[in-house]
Amino acid sequence: MGNMKPDVKVPIAAFSKKYNLSPREQDVLRLMIDRVVNAEDISQKLGISQNTVRIHVKNINNKVGARSKTEILSAFIDFLESYYERILSGGAAEPHQVST
């Protein structure tokens, strides 16, 4: 999608698995990470209503323990830092190996 770098796809999958995000919630998260953050733009990219986007964001908030899109992205950045620390220390790298 968009300008997303390929090296972020595996951590997104791991983050999604950790928080049990649905495939559509993952789509919304990917767009948010790729700097598509308002409901109108996300709805156009995914071909869904803005209300449905808001529901997906609310579900992600609940699953991640966030209160806003900014907090979702902050949680992802925190996850990324620990994810890459595990890789550098020889730990799990693949999503199915990440502990929850």
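Which residues does Ile 42 touch, not counting residues up to four places away in sequence? The views below address this question and the surroundings of helix H3 in a predicted model.

**View 1. Contacts of Ile 42.** Ile 42 touches Val 28, Leu 31, Met 32, Val 36, Val 37 and Val 53, with residues up to four places away in sequence left out of the list.

**View 2. The buried and exposed faces of helix H3.** Helix H3 spans residues 39-46, and its residues Ala 39, Ile 42, Ser 43 and Leu 46 are buried. These four lie on the same side of H3, because they cover an arc of only 100° around the axis. On the face turned away from this buried side, Gln 44 and Lys 45 are exposed.

**View 3. Packing partners of helix H3.** The buried residues of H3 pack against three helices: H2 (23-33), H4 (50-64) and H5 (69-88).

**View 4. The two ends of helix H3.** At the N-terminal end, Asn 38 acts as a cap for H3, with a side-chain oxygen 3.2 Å from the backbone nitrogen of Glu 40. Just after H3 comes Gly 47, whose phi is positive, at about 70°.

**View 5. The largest nonpolar core.** This core has 25 residues, and those touching the most other members are Phe 15, Val 28, Ile 42 and Ile 72. Two or more residues of the core come from each of helix H1 (9-18), H2, H3, H4 and H5. The most are given by H5, which supplies six residues. Ile 42, shown in the first view with its contact to Val 28, thus appears here again alongside Val 28.

How values were computed: Residues are numbered from 1 along each chain as its sequence is written. This is a predicted model: local features need pLDDT of at least 70, side-chain atom pairs count only at pLDDT 80 or more; totals for chains, interfaces and linings use all residues. Side-chain values use heavy atoms; hydrogens and water are left out. Buried means under 20% relative accessible area, exposed over 50%, partly exposed in between (1.4 Å probe, protein chains only). The arc is that of the directions from the helix axis to the C-beta atoms. Contact means heavy atoms within 4.5 Å. A polar contact is a pair of N or O atoms within 3.5 Å; within protein, one must be able to donate a hydrogen and the other to accept it, and residues adjacent in sequence count only if both atoms are side-chain atoms. A nonpolar core is a set of buried Ala, Val, Leu, Ile, Met, Phe, Trp, Tyr and Cys residues joined through side-chain atoms within 4.5 Å.
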